[in-house]
Amino acid sequence: MSALREKMVSEGRVLAAPAVSDDRPRVGHAAAGVSMSGRKIDVLYSEDAIAGKVDWIAGEVAGRAPRRLLVIAILKGSFMFAADLLRALHRRDLAPEVEFMMLSSYGTGTVSSGTVRVVRDIDTDVAGRDVLIIDDILESGRTLAFARALMIERGAARVDVAVLLEKPGKRKAEIEADLVGFVCPDKFVVGYGMDAAHAYRELPFVGVVREDGDG
Ligand SMILES: O=P(O)(O)OC[C@H]1O[C@H](OP(=O)(O)OP(=O)(O)O)[C@H](O)[C@@H]1O
Ligand SMILES: Nc1nc2[nH]cnc2c(=O)[nH]1
């Protein structure tokens, strides 16, 4: 800490940065069994691996030379992917407008209810625009089929879909993503925006919660 900052802290004019505990989980490529609130999470895709895919997706989007690009992030699960992807798009000299649509079909469970609920709609007119819908994961496809159909119905010129993860062989609705980060094993994944009963969204990596008895 600089002498000036030390003086300001001692005078109560600024807060000292909290001490960083050294026993934080270190998450890298080979990390496994990270402990979170007593549950073990096996890391499936590390922060570095995700960053590489995000950069690749941004390059692909830029290569399509979108016109009047509107990025629509499907909340809640996509918030972290959206934040990283938007910064990566900026680095590729794209300046999209950004919208958020909140859809839900899983509630607190791990199986799709089969019904997509619009919790919050966008308030931008999409007619004539190139739209990129982004979501964390494509599984049954109900969420993204719903969102894409809605944007086409509203007159978007083009609708592309980018997801960080897709689970093959699970589709119940007719949709394929245009850009996919990882093809994911058939396990319920958490982290990097994705939850299990509202937990784990804050994790910077994608993992799988270890079942009791998994070791
Ligand atoms: O392909 P699908 O089977 O439709 O599943 C994918 C959707 O499921 C999750 O959302 P969820 O409904 O859990 O809401 P959340 O994003 O608020 O967590 C996820 O964020 C995707 O949007
Ligand atoms: N958190 C989470 N949400 C999902 N929605 C569809 N599949 C999944 C999954 O594996 N994890």
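Here is a short exchange about how the terms apply to this predicted model.

Me: What makes the distance between Glu139 and ligand 1 a polar contact?
Reply: A polar contact is a pair of N or O atoms within 3.5 Å. A backbone N or O atom of Glu139 lies 2.7 Å from an oxygen atom of ligand 1, so that pair qualifies. Likewise, a polar backbone atom of Gly141 is 2.8 Å from an oxygen atom of the ligand, and for Arg201 a polar side-chain atom lies 3.1 Å from one. Taken alone, ligand 1 exposes 500 Å², of which the protein buries 93% (Shrake-Rupley areas, 1.4 Å probe).

Me: Which residues come nearest to ligand 1, and what makes a residue near?
Reply: A residue is near if one of its heavy atoms lies within 4 Å of the molecule. There are 18 residues around ligand 1, and Ser105, Tyr106, Asp135, Ser140 and Thr143 come nearest.

Me: Which elements supply the shell around ligand 1?
Reply: Strand E4 (97–104), strand E6 (130–138) and helix H4 (142–153) each give at least two residues, and E6 has the largest share, with four. Helices (H or I, at least four residues) and strands (E, at least two) are DSSP runs, numbered from the N terminus. The protein chain has four helices and ten strands.

Me: How much of the protein chain is called buried?
Reply: Buried means under 20% relative accessible area, with a 1.4 Å probe and protein chains only. Of the 215 residues, 42% count as buried.

Reply: Residues are numbered from 1 along each chain as its sequence is written, chains are lettered from A and ligands numbered from 1 in written order. Local features need pLDDT of at least 70, side-chain atom pairs count only at pLDDT 80 or more, totals for chains, interfaces and linings use all residues, and side-chain values use heavy atoms, leaving out hydrogens and water.

Notes
Buried < 20%, exposed > 50% of the residue type's maximum accessible area, 1.4 Å probe, protein only. Polar contact = N/O pair within 3.5 Å; in protein donor to acceptor, adjacent residues only side chain to side chain.
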